[in-house]
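Me: I should like to go through this structure by way of its ligand. Please keep each reply brief.

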Amino acid sequence: MISQRKKDHISLALKSNDRLAVGGGFDRYEFEHNALPEIDFESVDASVNFLNRKLKLPLMISSITGGDEDGNINAKLAEIAQSFGLGMAVGSQRIALEKPEFEGSFKVRRYAPNILLFANLGAVQLNYGYSIDECKRAVELIEADGLILHLNPLQEVFQSNGNTNFSGLLKKIENVCSSISRPVIVKEVGYGISENVAKKLRNAGVFAVEIGGSGSVSWPDIESERSNEPIIKKAAKAFEDWGLSTAEQLEAIAKIKGDMEIIAGGGIKTGVDIAKAVVLGAKICGNATDFLRKIAVSQSECEVFIKTLAFELKTTMFCVGCQNIDELRSTKLNRRSQK
Ligand SMILES: Cc1cc2nc3c(=O)[nH]c(=O)nc-3n(C[C@H](O)[C@H](O)[C@H](O)COP(=O)(O)O)c2cc1C
(Lines give C-alpha, C1' and ligand atoms only; values in the text may rest on other atoms or scores of the structure.)
Protein backbone atom coordinates (compact mmCIF):
# COMPACT_ATOMS: atom_id res chain seq x y z
CA MET A 1 0.00 0.00 0.00
CA ILE A 2 2.77 2.48 0.95
CA SER A 3 4.65 1.42 -2.17
CA GLN A 4 1.67 2.18 -4.45
CA ARG A 5 1.14 5.51 -2.67
CA LYS A 6 4.77 6.48 -3.33
CA LYS A 7 4.43 5.57 -7.01
CA ASP A 8 1.24 7.67 -7.25
CA HIS A 9 2.93 10.61 -5.52
CA ILE A 10 5.84 10.52 -7.96
CA SER A 11 3.68 10.29 -11.07
CA LEU A 12 1.22 12.97 -9.88
CA ALA A 13 4.03 15.31 -8.75
CA LEU A 14 5.56 14.96 -12.22
CA LYS A 15 2.26 15.98 -13.81
CA SER A 16 1.20 18.76 -11.44
CA ASN A 17 2.05 22.44 -11.48
CA ASP A 18 3.84 24.25 -8.67
CA ARG A 19 1.80 26.48 -6.32
CA LEU A 20 3.39 29.61 -7.70
CA ALA A 21 0.72 31.88 -6.19
CA VAL A 22 2.45 31.22 -2.88
CA GLY A 23 5.95 30.54 -4.22
CA GLY A 24 9.21 30.53 -2.30
CA GLY A 25 8.97 34.33 -1.90
CA PHE A 26 12.54 35.10 -2.97
CA ASP A 27 11.36 37.59 -5.61
CA ARG A 28 10.44 39.92 -2.73
CA TYR A 29 14.16 40.50 -2.09
CA GLU A 30 16.90 41.99 -4.28
CA PHE A 31 20.66 42.33 -4.15
CA GLU A 32 22.49 45.58 -4.65
CA HIS A 33 24.47 45.18 -7.88
CA ASN A 34 28.19 45.85 -7.54
CA ALA A 35 29.64 47.30 -10.75
CA LEU A 36 33.15 47.02 -9.32
CA PRO A 37 33.41 43.60 -7.67
CA GLU A 38 37.25 43.60 -7.60
CA ILE A 39 37.43 39.80 -7.63
CA ASP A 40 38.08 37.24 -10.37
CA PHE A 41 34.91 35.38 -11.43
CA GLU A 42 37.03 32.24 -11.88
CA SER A 43 38.01 32.27 -8.21
CA VAL A 44 34.48 32.47 -6.79
CA ASP A 45 34.09 29.52 -4.42
CA ALA A 46 30.56 28.43 -3.45
CA SER A 47 31.56 25.46 -1.28
CA VAL A 48 30.44 25.04 2.36
CA ASN A 49 31.16 22.67 5.23
CA PHE A 50 28.19 21.16 7.01
CA LEU A 51 28.30 18.37 9.60
CA ASN A 52 31.93 17.59 8.72
CA ARG A 53 31.13 17.12 5.03
CA LYS A 54 32.26 19.43 2.28
CA LEU A 55 29.57 20.45 -0.21
CA LYS A 56 30.65 22.07 -3.49
CA LEU A 57 27.43 24.11 -3.41
CA PRO A 58 25.20 24.95 -0.41
CA LEU A 59 22.61 22.54 -1.77
CA MET A 60 21.04 19.18 -1.09
CA ILE A 61 18.56 16.99 -2.90
CA SER A 62 15.61 17.01 -0.50
CA SER A 63 13.63 13.91 0.41
CA ILE A 64 11.63 12.42 -2.45
CA THR A 65 11.38 8.68 -2.40
CA GLY A 66 12.50 5.14 -1.74
CA GLY A 67 10.81 1.85 -2.21
CA ASP A 68 10.32 2.56 -5.91
CA GLU A 69 12.09 -0.60 -7.00
CA ASP A 70 11.40 -0.03 -10.69
CA GLY A 71 12.65 3.53 -10.97
CA ASN A 72 15.58 3.39 -8.57
CA ILE A 73 15.40 7.18 -8.29
CA ASN A 74 17.46 7.31 -5.08
CA ALA A 75 20.39 5.49 -6.70
CA LYS A 76 20.45 7.88 -9.66
CA LEU A 77 20.18 10.94 -7.42
CA ALA A 78 22.91 9.63 -5.12
CA GLU A 79 25.33 9.23 -8.04
CA ILE A 80 24.59 12.81 -9.06
CA ALA A 81 25.03 14.05 -5.48
CA GLN A 82 28.39 12.26 -5.24
CA SER A 83 29.77 13.62 -8.51
CA PHE A 84 28.55 17.21 -7.91
CA GLY A 85 29.36 17.34 -4.19
CA LEU A 86 25.76 17.89 -3.03
CA GLY A 87 23.95 16.65 0.07
CA MET A 88 20.98 14.30 -0.17
CA ALA A 89 18.04 13.12 1.94
CA VAL A 90 16.14 9.94 1.14
CA GLY A 91 12.33 9.84 1.28
CA SER A 92 10.36 8.36 4.18
CA GLN A 93 11.92 5.05 5.24
CA ARG A 94 8.77 3.68 6.82
CA ILE A 95 8.31 1.21 3.99
CA ALA A 96 11.82 -0.18 4.52
CA LEU A 97 11.39 -0.48 8.29
CA GLU A 98 8.16 -2.39 7.78
CA LYS A 99 9.16 -4.41 4.69
CA PRO A 100 12.86 -5.29 4.56
CA GLU A 101 12.62 -6.14 0.83
CA PHE A 102 12.49 -2.37 0.24
CA GLU A 103 15.67 -1.58 2.19
CA GLY A 104 17.86 -1.73 -0.93
CA SER A 105 16.34 1.33 -2.58
CA PHE A 106 17.41 3.48 0.39
CA LYS A 107 20.96 2.17 0.78
CA VAL A 108 22.71 4.73 -1.38
CA ARG A 109 26.12 4.81 0.32
CA ARG A 110 27.44 2.34 -2.30
CA TYR A 111 26.85 5.05 -4.94
CA ALA A 112 27.71 8.00 -2.74
CA PRO A 113 30.31 7.14 -0.09
CA ASN A 114 31.19 10.74 0.81
CA ILE A 115 27.99 12.74 0.60
CA LEU A 116 26.14 14.47 3.42
CA LEU A 117 23.24 12.02 3.76
CA PHE A 118 20.05 12.24 5.80
CA ALA A 119 17.62 9.53 6.87
CA ASN A 120 13.89 10.36 6.87
CA LEU A 121 10.77 9.41 8.82
CA GLY A 122 7.39 11.03 9.45
CA ALA A 123 7.38 12.56 12.94
CA VAL A 124 3.75 11.51 13.34
CA GLN A 125 4.84 7.86 13.29
CA LEU A 126 6.04 8.51 16.86
CA ASN A 127 2.31 8.48 17.71
CA TYR A 128 1.71 5.27 15.74
CA GLY A 129 4.05 2.79 17.36
CA TYR A 130 7.45 4.15 16.35
CA SER A 131 10.04 4.84 19.05
CA ILE A 132 13.72 5.72 19.38
CA ASP A 133 14.52 2.26 17.99
CA GLU A 134 12.96 2.96 14.59
CA CYS A 135 14.73 6.33 14.45
CA LYS A 136 18.08 4.64 15.14
CA ARG A 137 17.36 1.90 12.61
CA ALA A 138 16.53 4.44 9.89
CA VAL A 139 19.87 6.18 10.44
CA GLU A 140 21.92 2.96 10.68
CA LEU A 141 20.26 1.38 7.65
CA ILE A 142 21.62 4.01 5.29
CA GLU A 143 24.70 5.13 7.28
CA ALA A 144 23.24 8.63 7.50
CA ASP A 145 24.84 11.74 9.00
CA GLY A 146 21.54 12.78 10.58
CA LEU A 147 17.82 12.07 10.80
CA ILE A 148 15.10 14.21 9.24
CA LEU A 149 11.66 13.98 10.84
CA HIS A 150 8.99 15.40 8.57
CA LEU A 151 5.82 17.21 9.63
CA ASN A 152 2.93 16.97 7.15
CA PRO A 153 -0.41 17.64 8.90
CA LEU A 154 -2.20 18.97 5.80
CA GLN A 155 -1.04 16.06 3.66
CA GLU A 156 -2.06 13.45 6.24
CA VAL A 157 -5.59 14.91 6.54
CA PHE A 158 -6.12 14.67 2.77
CA GLN A 159 -4.48 11.25 2.45
CA SER A 160 -6.81 8.29 2.64
CA ASN A 161 -6.19 6.54 5.99
CA GLY A 162 -3.74 9.32 6.87
CA ASN A 163 -2.12 9.44 10.32
CA THR A 164 -3.75 12.50 11.78
CA ASN A 165 -3.06 12.26 15.51
CA PHE A 166 -0.37 14.91 16.02
CA SER A 167 -1.01 15.32 19.78
CA GLY A 168 1.97 15.38 22.13
CA LEU A 169 4.50 15.14 19.28
CA LEU A 170 6.83 17.91 20.46
CA LYS A 171 7.76 15.98 23.62
CA LYS A 172 8.46 12.88 21.53
CA ILE A 173 10.63 14.85 19.11
CA GLU A 174 12.53 16.22 22.11
CA ASN A 175 13.05 12.66 23.33
CA VAL A 176 14.42 11.59 19.93
CA CYS A 177 16.84 14.55 19.95
CA SER A 178 18.27 13.56 23.30
CA SER A 179 18.36 9.82 22.62
CA ILE A 180 20.01 9.35 19.25
CA SER A 181 23.64 10.09 18.59
CA ARG A 182 23.05 11.88 15.29
CA PRO A 183 21.64 15.39 14.73
CA VAL A 184 17.88 15.64 14.23
CA ILE A 185 16.40 17.93 11.58
CA VAL A 186 12.68 18.69 11.52
CA LYS A 187 11.01 19.83 8.30
CA GLU A 188 7.69 20.55 6.62
CA VAL A 189 6.86 18.99 3.25
CA GLY A 190 5.71 22.16 1.48
CA TYR A 191 3.70 24.36 3.85
CA GLY A 192 6.48 25.92 5.89
CA ILE A 193 7.61 26.22 9.50
CA SER A 194 6.45 29.31 11.37
CA GLU A 195 8.61 31.30 13.78
CA ASN A 196 6.55 29.98 16.68
CA VAL A 197 7.02 26.33 15.69
CA ALA A 198 10.72 26.98 15.05
CA LYS A 199 11.09 28.31 18.62
CA LYS A 200 9.47 25.17 20.05
CA LEU A 201 11.72 22.94 17.95
CA ARG A 202 14.81 24.91 18.95
CA ASN A 203 13.88 24.51 22.64
CA ALA A 204 13.34 20.79 22.07
CA GLY A 205 16.97 20.44 20.98
CA VAL A 206 16.44 20.09 17.23
CA PHE A 207 19.75 20.56 15.38
CA ALA A 208 18.19 22.20 12.30
CA VAL A 209 14.86 23.01 10.71
CA GLU A 210 14.25 22.56 6.99
CA ILE A 211 11.58 25.15 6.29
CA GLY A 212 9.90 23.24 3.43
CA GLY A 213 7.80 26.25 2.56
CA SER A 214 5.40 26.77 -0.31
CA GLY A 215 6.28 26.85 -3.99
CA SER A 216 6.07 23.24 -5.07
CA VAL A 217 3.27 20.75 -5.55
CA SER A 218 -0.13 20.87 -3.81
CA TRP A 219 -0.55 17.82 -1.57
CA PRO A 220 -4.35 18.27 -1.26
CA ASP A 221 -4.48 18.27 -5.09
CA ILE A 222 -2.35 15.15 -5.34
CA GLU A 223 -4.32 13.32 -2.66
CA SER A 224 -7.64 14.37 -4.18
CA GLU A 225 -6.54 12.86 -7.52
CA ARG A 226 -6.02 9.56 -5.68
CA SER A 227 -9.30 9.78 -3.79
CA ASN A 228 -12.90 8.88 -4.63
CA GLU A 229 -14.25 10.93 -1.72
CA PRO A 230 -16.32 13.90 -2.98
CA ILE A 231 -15.46 15.99 0.10
CA ILE A 232 -11.71 15.48 -0.39
CA LYS A 233 -12.02 16.41 -4.05
CA LYS A 234 -13.98 19.58 -3.29
CA ALA A 235 -11.94 20.70 -0.27
CA ALA A 236 -8.56 20.51 -2.06
CA LYS A 237 -9.37 23.74 -3.91
CA ALA A 238 -9.76 25.68 -0.67
CA PHE A 239 -6.11 24.95 0.17
CA GLU A 240 -4.60 26.01 -3.17
CA ASP A 241 -2.88 29.03 -1.66
CA TRP A 242 -2.23 27.59 1.81
CA GLY A 243 1.26 27.76 3.24
CA LEU A 244 4.10 29.95 4.43
CA SER A 245 6.68 31.41 2.10
CA THR A 246 10.16 30.00 2.56
CA ALA A 247 11.99 33.33 2.23
CA GLU A 248 9.90 35.18 4.79
CA GLN A 249 10.02 32.34 7.31
CA LEU A 250 13.75 32.11 6.81
CA GLU A 251 14.19 35.78 7.63
CA ALA A 252 11.98 35.45 10.74
CA ILE A 253 13.49 32.19 12.02
CA ALA A 254 17.06 33.42 11.51
CA LYS A 255 16.40 36.05 14.20
CA ILE A 256 15.38 33.51 16.85
CA LYS A 257 17.35 30.45 15.83
CA GLY A 258 20.04 30.49 18.52
CA ASP A 259 22.38 27.57 17.79
CA MET A 260 19.87 25.85 15.54
CA GLU A 261 20.77 25.68 11.82
CA ILE A 262 18.31 26.43 9.02
CA ILE A 263 17.94 24.58 5.73
CA ALA A 264 15.94 26.58 3.18
CA GLY A 265 13.67 24.34 1.14
CA GLY A 266 10.43 24.99 -0.72
CA GLY A 267 10.33 26.96 -3.93
CA ILE A 268 14.10 27.30 -4.39
CA LYS A 269 14.20 27.56 -8.17
CA THR A 270 17.45 29.31 -9.17
CA GLY A 271 20.99 29.95 -8.01
CA VAL A 272 19.90 33.53 -7.26
CA ASP A 273 17.31 32.08 -4.84
CA ILE A 274 20.08 30.02 -3.22
CA ALA A 275 22.24 33.15 -2.78
CA LYS A 276 19.31 35.06 -1.27
CA ALA A 277 18.54 32.16 1.08
CA VAL A 278 22.16 32.11 2.29
CA VAL A 279 22.04 35.84 3.05
CA LEU A 280 18.70 35.44 4.84
CA GLY A 281 20.22 32.83 7.15
CA ALA A 282 20.22 29.40 5.51
CA LYS A 283 23.19 27.14 6.09
CA ILE A 284 22.27 25.23 2.93
CA CYS A 285 19.26 24.94 0.60
CA GLY A 286 17.21 21.99 -0.56
CA ASN A 287 15.22 21.19 -3.66
CA ALA A 288 13.01 18.17 -4.33
CA THR A 289 10.48 18.79 -7.09
CA ASP A 290 12.89 20.02 -9.74
CA PHE A 291 15.40 17.24 -9.05
CA LEU A 292 12.55 14.75 -9.42
CA ARG A 293 11.38 16.32 -12.69
CA LYS A 294 14.90 16.42 -14.17
CA ILE A 295 15.94 12.92 -13.12
CA ALA A 296 12.67 11.60 -14.56
CA VAL A 297 13.84 12.89 -17.95
CA SER A 298 17.51 11.84 -17.78
CA GLN A 299 20.71 11.98 -15.76
CA SER A 300 22.12 14.60 -18.13
CA GLU A 301 19.04 16.81 -17.70
CA CYS A 302 19.72 16.72 -13.97
CA GLU A 303 23.38 17.59 -14.53
CA VAL A 304 22.47 20.62 -16.65
CA PHE A 305 20.07 21.72 -13.89
CA ILE A 306 22.84 21.62 -11.26
CA LYS A 307 25.38 23.32 -13.53
CA THR A 308 22.83 26.08 -14.18
CA LEU A 309 22.18 26.55 -10.45
CA ALA A 310 25.95 26.68 -9.83
CA PHE A 311 26.47 29.22 -12.60
CA GLU A 312 23.61 31.40 -11.35
CA LEU A 313 24.88 31.25 -7.76
CA LYS A 314 28.48 32.08 -8.71
CA THR A 315 27.36 34.88 -11.02
CA THR A 316 25.29 36.35 -8.18
CA MET A 317 28.28 36.12 -5.83
CA PHE A 318 30.51 37.80 -8.42
CA CYS A 319 28.02 40.61 -9.05
CA VAL A 320 27.80 41.41 -5.34
CA GLY A 321 31.58 41.11 -4.92
CA CYS A 322 31.72 37.96 -2.77
CA GLN A 323 34.55 35.49 -3.18
CA ASN A 324 33.09 32.80 -0.92
CA ILE A 325 29.95 31.81 1.00
CA ASP A 326 31.14 33.38 4.27
CA GLU A 327 31.41 36.74 2.51
CA LEU A 328 27.99 36.18 0.93
CA ARG A 329 26.44 35.60 4.38
CA SER A 330 27.30 39.17 5.39
CA THR A 331 26.08 40.79 2.18
CA LYS A 332 23.17 43.19 2.11
CA LEU A 333 19.84 42.05 0.69
CA ASN A 334 17.03 44.57 0.27
CA ARG A 335 13.33 43.97 0.44
CA ARG A 336 11.86 45.16 -2.86
CA SER A 337 9.52 48.09 -2.43
CA GLN A 338 5.90 47.15 -3.16
CA LYS A 339 4.85 48.16 -6.66
C1 LIG B 1 6.99 13.47 -4.89
C2 LIG B 1 7.46 14.03 -3.59
C3 LIG B 1 7.71 13.17 -2.54
C4 LIG B 1 8.16 13.67 -1.31
N5 LIG B 1 8.42 12.79 -0.30
C6 LIG B 1 8.92 13.25 0.88
C7 LIG B 1 9.26 12.34 1.92
O8 LIG B 1 9.13 11.12 1.79
N9 LIG B 1 9.76 12.87 3.08
C10 LIG B 1 9.92 14.22 3.24
O11 LIG B 1 10.40 14.64 4.30
N12 LIG B 1 9.60 15.10 2.27
C13 LIG B 1 9.10 14.65 1.09
N14 LIG B 1 8.78 15.54 0.10
C15 LIG B 1 8.90 17.01 0.34
C16 LIG B 1 10.18 17.58 -0.26
O17 LIG B 1 11.33 16.99 0.30
C18 LIG B 1 10.27 19.11 -0.11
O19 LIG B 1 10.37 19.42 1.26
C20 LIG B 1 9.08 19.86 -0.69
O21 LIG B 1 8.71 19.30 -1.93
C22 LIG B 1 9.40 21.35 -0.91
O23 LIG B 1 10.57 21.51 -1.67
P24 LIG B 1 10.58 21.81 -3.26
O25 LIG B 1 9.87 23.11 -3.50
O26 LIG B 1 12.02 21.87 -3.62
O27 LIG B 1 9.89 20.66 -3.91
C28 LIG B 1 8.35 15.06 -1.14
C29 LIG B 1 8.10 15.93 -2.22
C30 LIG B 1 7.66 15.44 -3.43
C31 LIG B 1 7.40 16.39 -4.56
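Me: Which elements each supply at least two residues of the shell around the ligand?
Reply: The model is predicted, with local features needing pLDDT of at least 70 and side-chain atom pairs 80 or more, while totals for chains, interfaces and linings use all residues. Residues are numbered from 1 along each chain as its sequence is written, and side-chain values use heavy atoms, without hydrogens or water. Helices (DSSP H or I runs, at least four residues) and strands (E, at least two) are numbered from the N terminus. The elements are α1 (2-15), β8 (184-188) and α12 (289-297).

Me: Which element gives the most to the shell around the ligand?
Reply: Around the ligand are 21 residues, and Ser63, Asn120, Lys187, Ala288 and Thr289 come nearest. The element that gives the most, with 3 residues, is α1.

Me: How much of the accessible area of the ligand does the protein cover?
Reply: Among its polar contacts (N or O pairs within 3.5 Å), an oxygen atom of the ligand is 2.6 Å from a polar backbone atom of Ser63. Another pair joins a polar side-chain atom of Lys187 to a ligand oxygen at 2.7 Å. Of the 610 Å² accessible to a 1.4 Å probe (Shrake-Rupley method) when the ligand is on its own, the protein covers 98%.

Me: Why is the chain described as being as compact as a globular protein of its length?
Reply: The chain has 14 helices and 12 strands. For 339 residues, the globule rule gives 20 Å, so the chain counts as that compact because its radius of gyration is close to this, at 19 Å.

Terms used:
Near = heavy atom within 4 Å. Polar contact = N/O pair within 3.5 Å; in protein donor to acceptor, adjacent residues only side chain to side chain. Rg over C-alpha atoms; globule rule 2.2 N^0.38 Å.
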